[in-house]
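Please find below a colleague's note on the structure shown here. The points are numbered for ease of reference.

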Amino acid sequence: MKILVTGCDGMLGSALMRRLADGVASLPTAAVGVDLPDGDLTDAAVAAGLVARYAPDWIIHCAAWTDVDGAEAHFDDAMAANGQATANLATAASAAGSGFTYISTDYVFDGRGRGGDPAAGYDEDDPLAPLNRYGLTKAAGEAHVGALDTPWQIVRTSWLFGDGRVNFPKTIRRLLSEREILQVVDDQRGCPTYADDLADVLAHLVSGRHRGIFHATNRGDCTWYELAREVASACGADPDRIRPCASAQFPRPALRPACSILRSRRLEESGCPPRPAWREAVRRYAARLEAGQVLHP
Ligand SMILES: NC(=O)c1ccc[n+]([C@@H]2O[C@H](COP(=O)([O-])OP(=O)(O)OC[C@H]3O[C@@H](n4cnc5c(N)ncnc54)[C@H](OP(=O)(O)O)[C@@H]3O)[C@@H](O)[C@H]2O)c1
């Protein structure tokens, strides 16, 4: 199976390239990765050229504008990267007859939970109502993929961490080395996701050529405060140095959803092996961080 991964230098794309090097299921797999230096996907000719050159059976589109606050001030650029680039690649996939996987986000929802019940989280078919401009751009990308005439998957994930330049556990670990007490918001709840574990899920979904919308995160949910405490203890710091606070204390340019919990019914129905719990995933990543084994320490 020939797989083209976009955004291969990013947090998820790099985890996926490592995962695909091991092959998927029993299929002989050849993965090729591209990122911005290979061409800007907002240019339709570039997207078409890359797909024509590699003639993949399947495209896993991880490239994206991921600066959530930046998307408020640079909406057109964010929309080009997440909407137009996805449309360009989807058109090229259709012409080449390639399957297509689009990575999306919990931010396509309104943050109130299904039927206004935050504990209910969101199912795959719940209506989209993004709270911020980044969410709008990712929803636009979903619309292009959902209209494809070749096999497609939309895989929504949330609170991603892994071998990227910036992520929440890394930031908490750094701040713990700079300050005695950290205040972390305790009124937003979601599902942390280790990029390496998401890469396993993507290998399962792509090798099985499953179709439709899937939610894929680590198992369980928490607040940012609870996640920060777990990071602290995994890094050998006293978790009581983390104190809870309200989002209102730290206003950001982009609104954040209070409830981001993604329910993964479809993934379970697809026969995906049980996903590791988020606390275990944080500990695995923190151990690699402490050992200096990550790509961007
Ligand atoms: N990070 C999260 O917490 C999170 C949560 C939910 C969903 N997601 C989704 O998961 C996916 C992977 O996220 P990530 O955090 O791994 O992303 P990332 O680390 O920011 O990597 C994205 C890559 O795409 C490249 N890129 C951006 N615009 C491009 C363009 N126009 N043409 C070609 N390449 C372009 C970026 O290059 P430059 O770095 O040079 O710009 C970067 O290497 C994205 O679809 C994201 O929306 C992420």
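1. The model is a predicted one. Ala55 lies in the loop that connects α2 (44-54) with β3. Although Ala55 is not a glycine, its phi is positive, at about 40°. Ala55 has 11 other C-beta atoms within 10 Å and therefore counts as exposed, the limit for that class being 12 or fewer.

2. A second residue deserves a similar remark. Arg209 is found in the loop between α7 and β10 (212-215). Its phi is positive, about 45°, and Arg209 is not a glycine either. With 12 other C-beta atoms within 10 Å, Arg209 is also classed as exposed.

3. On the overall fold, the chain contains ten helices and twelve strands. For 297 residues, a compact globule would be expected to have a radius of gyration near 19 Å; the value for the chain is 19 Å, so the two agree. Along the principal axes, the C-alpha atoms fill a box of roughly 55 × 40 × 40 Å.

4. As to the interior, 50% of the 297 residues count as buried. Among contacts in the chain with a separation of 6 or more, 83% are between residues 24 or more positions apart.

5. The surroundings of the ligand comprise 26 residues, of which Gly7, Gly10, Met11, Ala64 and Leu160 come nearest. By class, this shell divides into 13 nonpolar, nine polar and four charged residues. At least two shell residues come from each of α1 (11-20), α4 (75-96) and β4 (99-105). Which element gives the most to the shell? The answer is α1, with three residues.

6. Helix α1 merits attention for its environment as well. Eight of its ten residues are buried, so α1 is largely enclosed by the rest of the structure. The buried residues are Met11, Leu12, Gly13, Ser14, Ala15, Leu16, Arg19 and Leu20. Their cover includes the strands β1 (2-6), β2 (30-34), β3 (58-61), β4 and β6 (160-161), together with helix α7 (195-207).

7. Leu198 offers a view of this region from the side of α7, the helix in which Leu198 lies. Is Leu198 buried or exposed? Leu198 has 26 C-beta neighbours inside 10 Å and so counts as buried, since the class begins at 20 or more. Leaving aside residues up to four places away in sequence, Leu198 touches Leu12, Thr157, Thr193 and Ala216. Leu12 is itself one of the buried residues of α1. By way of distance, the C-alpha atoms of Leu198 and Asp238 are separated by 29 Å, the two residues being 40 apart along the chain.

8. A helix pair may also be noted. The axes of α6 (residues 168-178) and α8 (residues 224-234) come within 9 Å and cross at roughly 60°, and the crossing is right-handed. On the α6 side the contact is made by Phe168, Pro169, Ile172, Arg173 and Leu176, and on the α8 side by Leu227, Ala228, Val231 and Ala232. This contact has eight nonpolar residues, no polar ones and one charged residue. An α-helix has 3.6 residues a turn, so residues three or four places apart point the same way.

How values were computed
Residues numbered from 1 in each chain as written. Predicted model: local features only at pLDDT ≥ 70, side-chain atom pairs only at ≥ 80, totals over all residues. Helix = DSSP H or I, 4+ residues; strand = E, 2+ residues; numbered from the N terminus. Rg over C-alpha atoms; globule rule 2.2 N^0.38 Å. Contact = placed C-beta atoms within 7 Å. Near = placed C-beta within 6 Å. Nonpolar A, V, L, I, M, F, W, Y, C, P; charged D, E, K, R; others polar. Axes fitted to C-alpha atoms, helices over the stretch in contact; angles between N-to-C directions. Left-handed = near helix turned anticlockwise from the far one by under 90°.
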